[in-house]
Amino acid sequence: MSDQSVRSGGISLAGSVSRRGLLRAVGAGAAVAGTGGLLEACSSGIKGANAGGGTKGITIGWIHPLTGPLAGFGAPDNWVISKIKQTTPYKNGFKIGGKTFSVTIKSYDTQSSSTRAGDLAKTAILNDNVDLLLASSTPETVNAVASQAETLGTPLICANIPWEAWYINLGGNPLKPTLKPKFVVMYFLGAEHLIKCFIPMWNRIHSQLHTNKVVAAAFPNDSDGNAFRAVFPPIAKAAGYTFDLSPAYTDGTTNYSSMISQFKADKADFFTNVPLPPDFATMWKQAVQQGFKPKLATVAKVLLFPPDAYALGSLAYNVATDAWWVPSLPWTSTFTGETCQQMATEFEAATKGQWNSNISNYSLFEAAHAALTSVSDPHDKAEVAGAIHQVNIQALAGPLNFASGGPAPGVAITPPVGVQWQKGTKFPVEMQVVDNTLVPQAKITADLHPTNP
């Protein structure tokens, strides 16, 4: 990657987004470190065989949001832990250098608080003496943990955070990714992958309905909104689309009439956004009431998980978004060989709810196992830190190669598929895979429908 460009699938942002603009946009509010008192963690012990004759067991800590506003991201996590408990390595212990090490997993609930996430990282490292940390779900969780892990010298594997925000928080520059974090790696996608996921769906609706190529974009004045405002329009312009940008509105806005009037006056046939979920519900209901009917709505940050779609009822029909993990992917567990579809089916049977993309958090434990079993001493944090940067596995979340250089050192990209909420048969609305441009291995499960024909 050159100093002047950010590339995704052959599309360059050269000259279109300044370094200062991108850092300000993606990094606003991203560098968070816990500063409060140490908070007590919940723990879930997973004990294996201790055949090493007194060998000290391995402790892995997972910091994630199980309650609070971000709980949707953590909804599958307890089920994931239950699955991990059943795998041979975690049940019977890790075999390392002729010894078998028992494994204990400690689960720490951030309660969706950035400050608490940082405090829990300090607790895990300084009090609980974890050998390896895991962190997942949004910059609000992951960045606070990553800051502590890098500062306190503890290996950490992260997931479910746009790579740019993760990298900036650690002091890196996405436009010149020379910084190599010493103790931290991650897998997920970037902001550029979302627009690259949406454009093929726009193209298909354009061909079908002979639309214009004007995209109404409702981006708030927050870190996500500023990032999308910087990254999305240049890539869309290269694909022939014009962005009709809303003013940078305040999170929590309750009246979107002027914005909707602007979109209607400009006759925008497409709609995209990155709002807080309650704001989208308000905005979308007002759009329907005021007669703004885009041919296709492609939303980000909202409608990622079933409960959000259920809350909108029929208003969620044929709204499209992205998904980083779906049952129709061909990936399998490195522990059991189970497929994505088998995992999703089992999750639904166990929880009586619809599958959730964060079942992919299972792969945090696959990467942890791969790293820890490649070292001579799993308690040597420097050695384990080196090992996580060399992990290269085919996991349930897809190919994870932290040694590849990715878009930045320590980053493995798991690209999204295009999905659409359609009227369901088993559940009120169901997420269907409608585009696999970025992940051709994913099976299409339904045709893409216009949001408003």
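Exposed means over 50% relative accessible area. That cut-off applies to Lys267 in one of the views below, where the relative accessibility is 60% and the residue therefore counts as exposed. The model is predicted.

**Figure 1. Overview of the predicted protein model.** The secondary structure comes to 15 helices and 19 strands. The protein has 453 residues, and buried residues make up 58% of them. Take the contacts with a sequence separation of 6 or more: residues 24 or more positions apart account for 74% of these.

**Figure 2. Close-up of the loop residue Lys267, which has a positive phi.** Lys267 sits in the loop between helix H10 and strand S12, residues 270-273. Its phi is about 55°, although Lys267 is not a glycine. Most residues other than glycine have a negative phi. Lys267 counts as exposed because its relative accessibility is 60%, and the cut-off is over 50%.

**Figure 3. Close-up of Lys352, a second loop residue with a positive phi.** Lys352 is found in the loop between helices H13 and H14. The phi of Lys352 is about 65°, and this residue is not a glycine either. Lys352 has 69% relative accessibility and so counts as exposed.

**Figure 4. Packing of helix H10 against helix H11.** H10 spans residues 257-265, and H11 spans residues 277-289. Their axes come within 10 Å and cross at roughly 50°. The two helices are therefore oblique to each other. The crossing is right-handed. On the H10 side, the contact involves Ser257, Met259 and Ile260. These meet Met283, Gln286 and Ala287 of H11. By class, the contact residues divide into 4 nonpolar, 2 polar and no charged.

**Figure 5. Packing of helix H8 against helix H9.** H8 covers residues 191-209 and H9 covers residues 223-238. The axes lie 9 Å apart, and the helices pack at an angle of about 40°. H8 and H9 are therefore oblique to each other. Their crossing is right-handed. H8 contributes Ala191, Glu192, Leu194, Ile195, Phe198, Ile199 and Trp202 to the contact. H9 contributes Phe228, Val231, Phe232, Ile235 and Ala236. The contact of H8 with H9 has 11 nonpolar residues, no polar ones and 1 charged.

**Figure 6. Surroundings of Glu338, a buried residue in a loop.** Glu338 is in the loop between strand S14 (319-323) and helix H13 (340-351). Its relative accessible area is 17%, so Glu338 counts as buried, the cut-off being under 20%. The side chain of Glu338 makes two polar contacts shown here. One, at 3.0 Å, is with the side chain of Lys83. Another, at 2.8 Å, joins Glu338 to the side chain of Thr336. Leaving aside residues up to four places away in sequence, Glu338 touches Lys83, Trp331, Thr332, Ser333, Met343, Glu346 and Leu396.

**Figure 7. Surroundings of Cys340 in helix H13.** Cys340 has a relative accessible area of 0% and is therefore buried. Beyond residues up to four places away in sequence, Cys340 touches Trp325, Val326, Pro327, Leu329, Trp331 and Leu396. Trp331 and Leu396 are also among the residues that Glu338 touches. Ser328 is 12 residues from Cys340 in sequence. In space, the C-alpha atoms of Cys340 and Ser328 are 6.7 Å apart.

**Figure 8. Surroundings of Asn358, a buried residue in the loop between H13 and H14.** Asn358 has 0% relative accessibility and so counts as buried. Lys352 is found in the loop between H13 and H14 too, but Lys352 counts as exposed. A polar atom of the Asn358 side chain lies 2.7 Å from the backbone oxygen of Phe73. Phe73 is one of the residues that Asn358 touches. The others, not counting residues up to four places away in sequence, are Pro76, Asp77, Val80, Ser137, Asn160, Phe305 and Trp324.

**Figure 9. Helix H14, mostly covered.** H14 runs over residues 362-372. Of its 11 residues, 9 are buried. The buried residues include Tyr362, Ser363, Leu364, Phe365 and Glu366. Ala367, Ala368, Ala371 and Leu372 are buried as well.

Conventions
Residues numbered from 1 in each chain as written. Predicted model: local features only at pLDDT ≥ 70, side-chain atom pairs only at ≥ 80, totals over all residues. Heavy atoms only, no water. Axes fitted to C-alpha atoms, helices over the stretch in contact; angles between N-to-C directions. Helix = DSSP H or I, 4+ residues; strand = E, 2+ residues; numbered from the N terminus. Parallel < 35°, antiparallel > 145°, perpendicular 65-115°, else oblique. Left-handed = near helix turned anticlockwise from the far one by under 90°. Contact = heavy atoms within 4.5 Å. Nonpolar A, V, L, I, M, F, W, Y, C, P; charged D, E, K, R; others polar. Buried < 20%, exposed > 50% of the residue type's maximum accessible area, 1.4 Å probe, protein only. Polar contact = N/O pair within 3.5 Å; in protein donor to acceptor, adjacent residues only side chain to side chain.
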